[in-house]
Amino acid sequence: MKNGHVLLIAFYMFYLLITATAFSEESLYVQPFRARVFAKPSVASEVLGSVDSGFQFVSIGKEKNWIKLLFKGKAGYLPAVQVAKTPPLGKNTVQGSDSAPKLSVRSRASSSSAVVAGMKGLTYEDRARVSKGERSDYDALDKVDALKISSDELKSFQLEGGKR
Amino acid sequence: MKSLSLLFMIALLFAFQPSVLPAAESKAEDWRSRASVVDRDTYSESDTDEELNFGREIAARLLGQFKISSNEKLQKYVNLVGKTLTQNCSRPELDFHFVVIESSEINAYSTPGGYVFVTTAVLTKMENEAELAGVLAHEIAHVTDRHIVKELSLKGAEKSAVSSIAALIGGASESVGIAFSQTVDKAVDLILRDGYKKEDEMQADASAVMLCAFSGYDPSGLVTFLDKIGKIKSGVGKTYPVYDVRLATLQRAMSDEGIVEMKLALNSERFTRIMKIEGKAKPN
């Protein structure tokens, strides 16, 4: 074999090593509340188990849109859309009391909607004036926020489902 | 000759290299490379705060135009379906809210931060829970992928996409407040009148069927629903791209993911029962 060819193959092997190392050492985090780990890179394949939000793992490869990992001693796959390089963000709520509302007309300081409306330093009337005249309904928004679903309700709803 | 054989070898070596790198990310047309959550790295918790507050303003504006359905059981049902989906979505930091609004418009809307609206008219066109899940999942995808924030080019000079929202919210002067309100106007226009980009709609479709499959809903629900609505609307309005193109793209995405043949839950009986007893979802 010619020297040039040997050099070329050595370069290629080095390239493979670098790229493989760069990918295989990537540490990733599961994002949804719970994600299923599949035996093959397909949602139709066997489910090996599930992992919770924030689960950290080191990927050992990628096939199309699936991330490969070692799960309970076996190769498993997680959908790429359900993982990220950073841990999941914490639950967010409406902007807090730091941005004190400056409502002069319709003061409802305890309401989260009031905070939203007031945080720009404008009254409801101001807001109506600068918008295209389209009305905003913050009472309705409060009603929407008030509807809560308990985890028990959700669980029993899901158990009752699963039918054609 | 020598250099030719060397070139041939180089080409051969690189052509047969194993796919250790994310191949999908190299394809610009791959929907999932657009939907990737990798760009989350550029977002912080305070960004999400601003996104949520921006979304609430838009939601309040929408609620100023549409009346909430007074049927609490129907509201709860739609929220249960929606929450089943959001348990599997890529942004657990968002607290999604699902709202049935009274309107004769066959449509669904969503705002940044997680407010999803479905009209009473759109519910009357559905036949099962999987179709409802498909529509909600499509809207959830618009939220998780921040389509409005990106479409409005709300990009700060040096920071993340939502940093300029933060600047608008944080600003105390009236002019900043006016700018914020005008940005909300633009977002409302985009949601109600102009519609999303074709690419965003298709990406949301593809993400939606996967989210349905992850959540146990038959991914065909969105397909059957779009097919039905495409025939009803027959290309009227600008909110959606042409339906046959959209459907073809969606079916290709489903085929790529191997979910075309999946037979998951439709929950037809439960849906029919809710709509019959609780729904009274008659358009105005």
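Q: Which residue in strand 8 of chain A is the bridge partner of A:V30?
A: In this predicted model, A:V83 takes that place.

Q: What makes strand 1 and strand 8 of chain A a pair?
A: At least two bridges are needed. Strand 1 (residues 27-30) and strand 8 of chain A share 2 bridges. The count meets the cut-off, so the two strands pair. Their sense is antiparallel.

Q: Why do strand 4 and strand 8 of chain A count as edge strands?
A: The sheet is open and has 3 strands, in the order 4-1-8. Strand 4 (56-58) and strand 8 (83-84) each have a single partner strand, so one side of each is left without a neighbour in the sheet. Pairing in this sheet is antiparallel.

Q: What makes strand 5 and strand 6 of chain A a pair, and in which sense do they run?
A: The cut-off is at least two bridges. Strands 5 and 6 of chain A are joined by 3 bridges, so they pair. They run antiparallel. In one of these bridges, A:E63 has A:W66 in strand 6 as its partner.

Q: What is notable about the phi of A:K64?
A: The angle is positive, about 50°, although A:K64 is not a glycine. A:K64 lies in the loop between strand 5 (61-63) and strand 6 (66-71) of chain A. These two strands form a hairpin with 2 residues between them.

Q: Why is A:K64 called partly exposed?
A: A:K64 has 16 other C-beta atoms within 10 Å. Buried needs 20 or more, and exposed needs 12 or fewer. The count of 16 falls in between, so A:K64 is partly exposed.

Q: How many bridges make strand 6 and strand 7 of chain A a pair?
A: There are 6 bridges between strand 6 and strand 7 (residues 74-79) of chain A, against a cut-off of at least two, so they pair. The sense is antiparallel. One bridge sets A:L70 against A:A75 in strand 7. This hairpin has 2 residues between its strands, and A:K72 in the turn has a positive phi of about 50°.

Q: Why is helix 5 of chain A said to lie largely in the open?
A: Helix 5 (residues 151-160) has 10 residues, and the number buried is 0, so the helix lies largely in the open. A:G162 follows this helix and has a positive phi, near 75°.

Q: What are the helix and strand counts of chain A, and what share of its residues is buried?
A: Chain A has 5 helices and 8 strands. Along the sequence they follow the pattern α-β-β-β-β-β-β-β-β-α-α-α-α. Of the 164 residues, 28% are buried.

Q: What are the corresponding values for chain B?
A: Chain B has 13 helices and 4 strands. Buried residues make up 52% of its 284 residues.

Q: Why does B:R146 get its burial class?
A: B:R146 has 21 C-beta neighbours inside 10 Å. The cut-off for buried is 20 or more, so B:R146 counts as buried. B:R146 sits in the loop between helix 6 (129-144) and helix 7 (147-151) of chain B. Its phi is near 55°, positive in a residue other than glycine.

Q: Why does B:I178 count as partly exposed?
A: B:I178 has 19 C-beta neighbours inside 10 Å. Buried starts at 20, so B:I178 is partly exposed. B:I178 belongs to helix 9 (residues 174-194) of chain B. Its C-alpha atom is separated by 42 Å from that of B:A253, 75 residues apart along the chain.

Q: Why are helix 10 and helix 12 of chain B called oblique?
A: Helix 10 (residues 198-214) and helix 12 (residues 243-256) of chain B pack at an angle of about 40°. Roughly parallel needs an angle under 35 degrees, and roughly perpendicular begins at 65. The angle of about 40° fits neither class, so the helices are oblique to each other. Their axes are 9 Å apart, and the crossing is right-handed.

Q: Which residues bring helix 10 and helix 12 of chain B into contact?
A: From helix 10 come B:E201, B:M202, B:D205, B:A206 and B:V209. They meet B:R246, B:T249, B:L250, B:A253 and B:M254 in helix 12. The residues of this contact divide into 6 nonpolar, 1 polar and 3 charged.

Technical notes
Residues numbered from 1 in each chain as written. Chains lettered and ligands numbered in written order. Predicted model: local features only at pLDDT ≥ 70, side-chain atom pairs only at ≥ 80, totals over all residues. Axes fitted to C-alpha atoms, helices over the stretch in contact; angles between N-to-C directions. Parallel < 35°, antiparallel > 145°, perpendicular 65-115°, else oblique. Left-handed = near helix turned anticlockwise from the far one by under 90°. Contact = placed C-beta atoms within 7 Å. Nonpolar A, V, L, I, M, F, W, Y, C, P; charged D, E, K, R; others polar.
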